[in-house]
Amino acid sequence: MLSFENDYSEGAHSRILKRLVSTDLQQVTGYGNDPFCEEARIRIREAIGVPDADIYFLSGGTQTNQVVIDTMLKPYEGVIAAETGHVSVHEAGAIEYSGHKVLTVPMHNGGKVNPMEVKNLIEDFYQDGNHEHMVFPGMLYISQPTEYGALYTRRELEALSLICRKYKIPLYLDGARLGYALASHENNVTLSDIARLTDVFYIGGTKVGALCGEALVFTKHNTPPHFVTQIKQHGALIAKGRLLGIQFAELFRDNLYYKLGQNAIETAEMLKMVLHEKKYSFYFESPTNQQFVIIDNRKMEALRQKVVFSYMQKYDDTHSVIRFCTSWATKPEQVFRLAELL
């Protein structure tokens, strides 16, 4: 079965597996206090240009989002996000489970948050005479790329950052697919830009060549107190922290992280060309590794017999929106095989 379902179907890049094996019998301390995690921190600090950034390695994306939002917000605060944002839709209520409401704003241009929508939400809240009885807006959540593969430009990030500074709330960037955003031909945002403009962000490993794990980065001396304790309370701290440190040390050696992102983008561009040639209509034509197309329902059911893809939503009575996703491991021949089936 040919699969374009997601960008984490494969295991891990061979270099990561080799280093995990070669270091397997070394005895080191746990919970991220080992030399491998420290090596990874050094490499990431160099990549983002922040020598004193606080960096932690967590088990997965949902866990990271929940830990960050829960530990940085006060009990009466919620997090602002696009209505299509990952924390709004695809995390099984993990944020609400921790006691914080997701305050949604309409999505724009492929799932992005519009700065004016954020400004209006905050101002409307404080102008409401009953706001003491309401959930306070305490953080802005975005992802790069968005759930529909759209990219924030540097100017857009600067505008969002300025609003967050004005209203004294942190800007948090979910980087589960950040490697693919950085590699996109339309991207003009660097890791250094993200470190400068956000208060906290994470670099995704699970979807970009690692077996699992995310690298969480605090850039403004703003790490919540006793953060390791709080990570553990949320079930996101692994005893064998070395497993995450080894992976990120390797991802940030010799630009491997960027190269893996480039492979996904190159194969996604090939796929877009095929879809155009086959006269498919795009629901959203992404500059990253996810492509969203409108397909006749009968064709979709026939395609299901030979290809795994993601169903997104109903388009009309006879059509649906589906997603094809390339990854760090997608090969050109897989795209060619898909082209024969479309």
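This passage describes the overall form, the internal cavities, the surface pockets and some backbone features of a predicted model.

The secondary structure of the protein in this predicted model comes to 14 helices and 15 strands. The radius of gyration is 20 Å, close to the 20 Å that the globule rule gives for 342 residues, so the protein is as compact as a globular protein of that length. Taken along the principal axes, the box filled by the C-alpha atoms is roughly 60 × 55 × 35 Å. Of the 342 residues, 56% count as buried, and the protein exposes about 15200 Å², of which carbon and sulfur atoms supply 51%. When contacts between residues at least 6 apart in sequence are considered, 71% of them join residues at least 24 apart.

Two cavities of 30 Å³ or more are present in the structure. The largest cavity has a volume of about 80 Å³, and its lining includes His86, Tyr141 and Lys207, together with residues 143 to 147, namely Ser143, Gln144, Pro145, Thr146 and Glu147, and with Asp174, Gly175, Ala176 and Arg177. By class, this lining has three nonpolar, five polar and four charged residues. The second largest cavity holds about 60 Å³ of space and is lined by Ala82, Thr84, Gly85, Gly111, Val113, Tyr141, Ile142, Ser143, Thr146, Glu147 and Tyr152. Strand β7 (residues 136-143) gives the most to the lining of this second cavity, with three residues, and the residues of the lining divide into five nonpolar, five polar and one charged. Tyr141, Ser143, Thr146 and Glu147 are found in the linings of both the largest and the second largest cavity.

Open pockets were also located in the model. The largest pocket has a volume of about 310 Å³; of the 16 residues that line it, the closest to its centre are His86, His90, Glu147, Met312 and Arg323. Helix α4 (86-89) and strand β14 (310-314) each supply at least two residues of the lining of the largest pocket, and β14 gives the most, with three residues. The lining of the largest pocket divides by class into five nonpolar, six polar and five charged residues. His86 and Glu147, which are among the residues closest to the centre of the largest pocket, also belong to the lining of the largest cavity, and Glu147 belongs in addition to the lining of the second largest cavity.

The second largest pocket contains about 200 Å³ of space and is lined by 13 residues, of which Met72, Gly138, Lys168, Ile169 and Pro170 lie nearest its centre. Helices α3 (61-72) and α7 (154-167) each supply at least two residues of this lining, which by class has five nonpolar, three polar and five charged residues. Met72, one of the residues nearest the centre of the second largest pocket, is separated from Pro225 by 153 residues in sequence, although the two lie 9.6 Å apart in space, C-alpha to C-alpha. Pro225 itself is placed in the loop between β10 (214-218) and α10 (227-233), and with a relative accessible area of 58% Pro225 counts as exposed, because that value is over the 50% taken as the limit.

Some backbone features can be set against a general background. Most residues other than glycine have a negative phi, and most peptide bonds are trans. In this model, a cis peptide bond joins Gln144 and Pro145, with omega at about 0°. Pro145 is found in the loop between β7 and α7, and both Gln144 and Pro145 take part in the lining of the largest cavity. A positive phi occurs at Ala92, where the value is near 55° in a residue other than glycine. Ala92 lies in the loop between α4 and α5 (94-97) and is exposed, with a relative accessible area of 83%. Phi is likewise positive at Lys279, near 65° and again in a residue other than glycine. The loop between α12 (256-277) and β11 (281-284) is the place of Lys279, and this residue is exposed, with a relative accessible area of 71%.

Terms used:
Residues numbered from 1 in each chain as written. Predicted model: local features only at pLDDT ≥ 70, side-chain atom pairs only at ≥ 80, totals over all residues. Heavy atoms only, no water. 1 Å grid on protein atoms, 1.4 Å probe; cavity = no way out; pocket = protein on both sides within 12 Å on 5 of 7 lines; lining within 4 Å. Points joined across faces, edges and corners; volume = space filled by probe spheres on them. Nonpolar A, V, L, I, M, F, W, Y, C, P; charged D, E, K, R; others polar. Helix = DSSP H or I, 4+ residues; strand = E, 2+ residues; numbered from the N terminus. Rg over C-alpha atoms; globule rule 2.2 N^0.38 Å. Buried < 20%, exposed > 50% of the residue type's maximum accessible area, 1.4 Å probe, protein only. Contact = heavy atoms within 4.5 Å. Areas by Shrake-Rupley, 256 points an atom, 1.4 Å probe, with all protein chains shown as cover.
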